[in-house]
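Subject: Structure for you to look at

Hello,

Here is the structure I promised to pass on. Please open it alongside this message, and my notes follow below.

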Amino acid sequence: MSIATSDEETTRAPHKIHAAHKIGAEVNFGEVNEGKSDFDDIYNAPDPRGYCRALGKLDYRIPSEAKPIFRALIHALQSGRHDPVHIVDIGCSYGINAALLKYGMNLSTFFERYTASGVPALPDAVLRRETAFFDDRNSDGAIEVVGIDVSGHALDFARTVGLLDHTIEQNLEDRPLTDANRDLVDGVDLIISTGCVGYVSDKTFRHVMDAAGDDNRAPYVASFVLRMFPYAPIADALADYGLVTEKLQDVTFRQRRFENEDERAHVFEQLRARGLEPSFEDDGYYHAEFFLSRPAAEAKARPLGYLL
Ligand SMILES: C[S@@+](CC[C@H](N)C(=O)[O-])C[C@H]1O[C@@H](n2cnc3c(N)ncnc32)[C@H](O)[C@@H]1O
C-alpha cells in the first residue's frame, strides 16, 4: 500500500470537516446497510472459523490495509505520551486488529489458521489450541487493547485466547457505557475501527468519548469508513470533544469484494445518492477512506501527511 502525500498536504493546515461538507448527514445507516450482505451469524460464533471462511472468500482486507497506519499512530503516541498505549477497538469482533498489532500477525496468516485443513471442528478444541498458540507467542507489551462489540461470543473468544486485554459487550447506539466499562475506556490513547462505522454512528463515538477521561490528553480517533457512509456526523461529534478531523487525501483502501451483483448495484446506488461516482468501486471492491481526529494543537503541530 502506498499513501500519497503531496508537499501541499504535509504543509497545509489540517482539514476539519465542516458542516458545509456534510453530504447525507441525515442518512439512516440502517437503511444504507440493508443491501449489504448479512453476516450476523458469523459475527457472533464461538470461534472465528466461519468469519474467516466467509470473509476470506471475499478477500476481506481492511485490517491489513489499516495496520501500517495504526502502527504509525501507535509509534507517534508511544514517543509523545507513555507506555503502554491504551487502544479501544470499536467493533473489534474476534480481535483481528489486536492480532495484527499486538502479535505482529498478517491477516492472511490469521485467516489461514482458521480455514486450513486440520483445524479442530469443535469450538472448545479451537479455543484450547488458540489459547496455547497465543500463550507461546510474544505480544507487544507496549500495547493494551480493549474491544467493544455487540457480539459476545466473538469477544469471549478474543479475550480468552489473549488477543484482547479487556472486552465490553454493549450496544452503545442504545445506551452509555456502564460504570465498570467506563473504567476500561478511561485514559484511552487511541480509538480505532475497521469495518464498523455504519453499524455504529456518532452515538457510539460520543459514549466512548464521554468515558475517555483526562481532557489534557484526549485520544486520537482513527477510523476506516466505507465511502457510502458519511463521516461528517461523527467528525462533528468529535469536534464537541475538541478533536479536529482530517481525511487522508487522494487514497482509498479496499475493504472486500462485493459478494454479488445485487450488492454492487446497491453500493453504486448509495454512492450516487451521496453525490459520489463509484469510480473506485468499479474494481468490484468496497472502498474505505481514512479519517483521523486529534486534539487541535497536535493536528496543527504535525500534519497528517507528515505523521503517517
Ligand atoms: C465487518 S465486522 C468488522 C470486524 C473487525 N473490526 C474487522 O475488521 O475484522 C463488523 C463488526 O461490527 C460489530 N457490530 C455491529 N453492530 C455493532 C454495535 N452496535 N456496536 C459495536 N459493534 C457492532 C459486529 O458484531 C462485527 O463484529
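Let me start with one pair of residues that you can find by eye: Arg 257 has Tyr 285 in strand S8 as its bridge partner. Please keep in mind throughout that this is a predicted model.

That pair belongs to the pairing of strand S7 (residues 253-257) with S8, which is antiparallel and has three bridges. Strand S8 has other partners too. Strand S5 (residues 220-226) is joined to S8 by six bridges, and the two run antiparallel. If you want a landmark there, look for Ala 222, which stands opposite Leu 292 of S8. Strand S6 (residues 243-247) also runs antiparallel to S8, with five bridges between them. Here Leu 243 is bridged to Pro 295 in S8.

How many of the eleven residues of S8 (residues 285-295) are buried? Nine of them are, so the strand is largely enclosed by the rest of the structure.

Next, the helix I would turn to is H9, which covers residues 152-161. Its buried residues are Ala 154, Leu 155, Phe 157, Ala 158 and Val 161. Viewed down the axis of H9, these buried residues fall within an arc of 160°, so they line one face of the helix. What do the buried residues of H9 pack against? Their neighbours are helix H3 (40-43), helix H6 (96-102), helix H8 (123-136) and the strands S2 and S3 (166-169). Just after the helix, Gly 162 takes a positive phi of about 105°.

Then there is the ligand. It is surrounded by 20 residues, and the closest are Gly 91, Ser 93, Ser 151, Gly 195 and Tyr 199. Two elements give two or more residues to this shell: helix H5 (62-80) and strand S2 (143-149). Strand S2 is thus worth a second look, as the buried residues of H9 also pack against S2. By character, the shell around the ligand divides into eleven nonpolar residues, seven polar and two charged.

Finally, some figures for the protein chain as a whole. Its secondary structure comes to 15 helices and eight strands. Of its 308 residues, 44% are buried. Among contacts between residues at least 6 apart in sequence, 83% join residues at least 24 apart.

I hope you enjoy exploring it.

Best wishes

Notes: Residues are numbered from 1 along each chain as its sequence is written. This is a predicted model: local features need pLDDT of at least 70, side-chain atom pairs count only at pLDDT 80 or more; totals for chains, interfaces and linings use all residues. A residue is near a molecule or strand if its C-beta atom, placed from the backbone, lies within 6 Å of it. Helices (H or I, at least four residues) and strands (E, at least two) are DSSP runs, numbered from the N terminus. Ala, Val, Leu, Ile, Met, Phe, Trp, Tyr, Cys and Pro count as nonpolar, Asp, Glu, Lys and Arg as charged, and the others, Gly among them, as polar. A residue is buried if 20 or more other C-beta atoms lie within 10 Å of its own, exposed if 12 or fewer, and partly exposed in between; C-beta atoms are placed from the backbone. The arc is that of the directions from the helix axis to the C-beta atoms. Two residues are in contact if their C-beta atoms, placed from the backbone, lie within 7 Å. Two strands pair if DSSP finds at least two bridges between them.
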